[in-house]
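Colleague: I've got this chain open and would like a close look at one part of it. Could you walk me through the core and the elements packed around it?

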Amino acid sequence: MGINIESLLKKIGNKFHIEELYDSEEYGLDIERARLVSGLEVSGELHHVGDGIIRLRGTYGVKLEIDCSRCLEPETGSRFKDIKGVFVPPEYEAEVDMEGDEYRAEYQENSLSLWDILRQDILLTIPMQPLCRDDCRGLCPVCGQDLNEKDCGHETESIDPRLEALKDIEIEE
Ligand SMILES: [Zn+2]
Ligand SMILES: [Zn+2]
């Protein structure tokens with residue numbers, strides 16, 4: 001879904017307001033452990049700051065479903081975040097002065113898509129090993145029972161004897 005930026009590019013200083021909705025049927029995160037369960041709504045402003053460079057300042061909201069890495073149960077949560085971006089013309093190689101939390105992307109001809117930077121920003125908020133709660137007990141490695149629901153009685157706390165020797169070693173950070 002492209003935003004037409006022809007009028008924006010005509011003059012330095014031009015800006016306009018944007019309201020976009022990215023449908024969760026059409027736009028995905030393309031990772032295993034999380035997915036969109038609502039459309040992503042973004043609003044904000046695009047500003048032509050010179051040299052064909054367009055800055056985005058906006059906020060977005062989306063609902064995500066994230067699988068717990070221990071018990072595999074999906075948890076639903078919402079994200080409301082600020083988003084900042086710098087869009088450069090196609091094949092623009094030069095450095096752009098950027099703030100630390102800005103994403104850089106290219107636009108195509110007269111059309112700009114926010115999706116890539118929105119997706120990147122969402123991915124950054126998803127932990128590598130998400131947990132439904134800090135003390136999630138996970139699944140029994142023997143029978144697969146969700147140990148948060150009930151205890152199957154299998155021994156799950158045992159430490160492999162080869163690792164036993166390592167458990168007292170302190171790791172310095
Ligand atoms: Zn869990
Ligand atoms: Zn079990």
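Modeller: Here is a tour that starts with the overall layout, moves into the core and ends in the loops. Keep in mind that this is a predicted model.

The chain has 3 helices and 8 strands, and from the N terminus the order reads β-α-β-β-β-β-β-β-β-α-α. Of its 173 residues, 16% count as buried. Among contacts between residues at least 6 apart in sequence, 52% join residues at least 24 apart.

Now for the core itself. The largest nonpolar core has 22 residues, and L40, I54 and L118 are the ones that touch the most other members. At least two core residues come from each of strand 3 (34–36), strand 4 (40–50), strand 5 (53–67), strand 6 (74–88) and helix 2 (115–125). Strand 5 gives the most, with 6 residues.

Strand 5 is a good place to stop, as its pairings can be followed one by one. It runs antiparallel to strand 3, and 3 bridges join the two; here L36 has L64 of strand 5 as its bridge partner. With strand 4, strand 5 is again antiparallel, this time through 9 bridges. The pairing with strand 6 is also in the antiparallel sense and covers 14 bridges. I54, one of the residues touching the most other core members, shows up in two of these pairings: H48 stands opposite I54 in strand 5, and in strand 6 the bridge partner of I54 is F87.

Two of those pairs are hairpins. Strand 4 and strand 5 have 2 residues between them, and D51 in that turn has a positive phi of about 60 degrees. D51 isn't a glycine, despite that positive phi. It counts as exposed because just 11 C-beta neighbours fall inside 10 Å, and the cut-off for exposed is 12 or fewer. The hairpin of strand 5 and strand 6 has 6 residues between the strands, and there L72 in the turn has a positive phi of about 70 degrees.

Next, take L40 and L118 together. Not counting residues up to four places away in sequence, L40 touches Y22, Y27, Y60, V62 and L118. L118 takes us to helix 2, where I117, L118 and I122 are buried. These three sit on the same side of helix 2, because they cover an arc of only 135 degrees around the axis. As background, an α-helix has 3.6 residues a turn, so residues three or four places apart point the same way. What covers the buried residues of helix 2 includes strand 2 (15–22), along with strand 4, strand 5, strand 6 and strand 7 (102–106). On the face turned away from the buried side, helix 2 carries the exposed residues D116, L123 and L124.

Two more loop residues are worth a click. E91 lies in the loop between strand 6 and strand 7 and has a positive phi of about 60 degrees although it is not a glycine. E91 is exposed, as 6 other C-beta atoms lie within 10 Å. K10 belongs to the loop between helix 1 (6–9) and strand 2, and it too is exposed, with 9 other C-beta atoms within 10 Å. The C-alpha atoms of K10 and G52 are separated by 9.1 Å, although the two residues are 42 apart along the chain.

Key. Residues are numbered from 1 along each chain as its sequence is written. Chains are lettered from A and ligands numbered from 1 in the order in which they are written. This is a predicted model: local features need pLDDT of at least 70, side-chain atom pairs count only at pLDDT 80 or more; totals for chains, interfaces and linings use all residues. Helices (H or I, at least four residues) and strands (E, at least two) are DSSP runs, numbered from the N terminus. A residue is buried if 20 or more other C-beta atoms lie within 10 Å of its own, exposed if 12 or fewer, and partly exposed in between; C-beta atoms are placed from the backbone. A nonpolar core is a set of buried Ala, Val, Leu, Ile, Met, Phe, Trp, Tyr and Cys residues joined through C-beta atoms within 7 Å. Two residues are in contact if their C-beta atoms, placed from the backbone, lie within 7 Å. The arc is that of the directions from the helix axis to the C-beta atoms. Two strands pair if DSSP finds at least two bridges between them.
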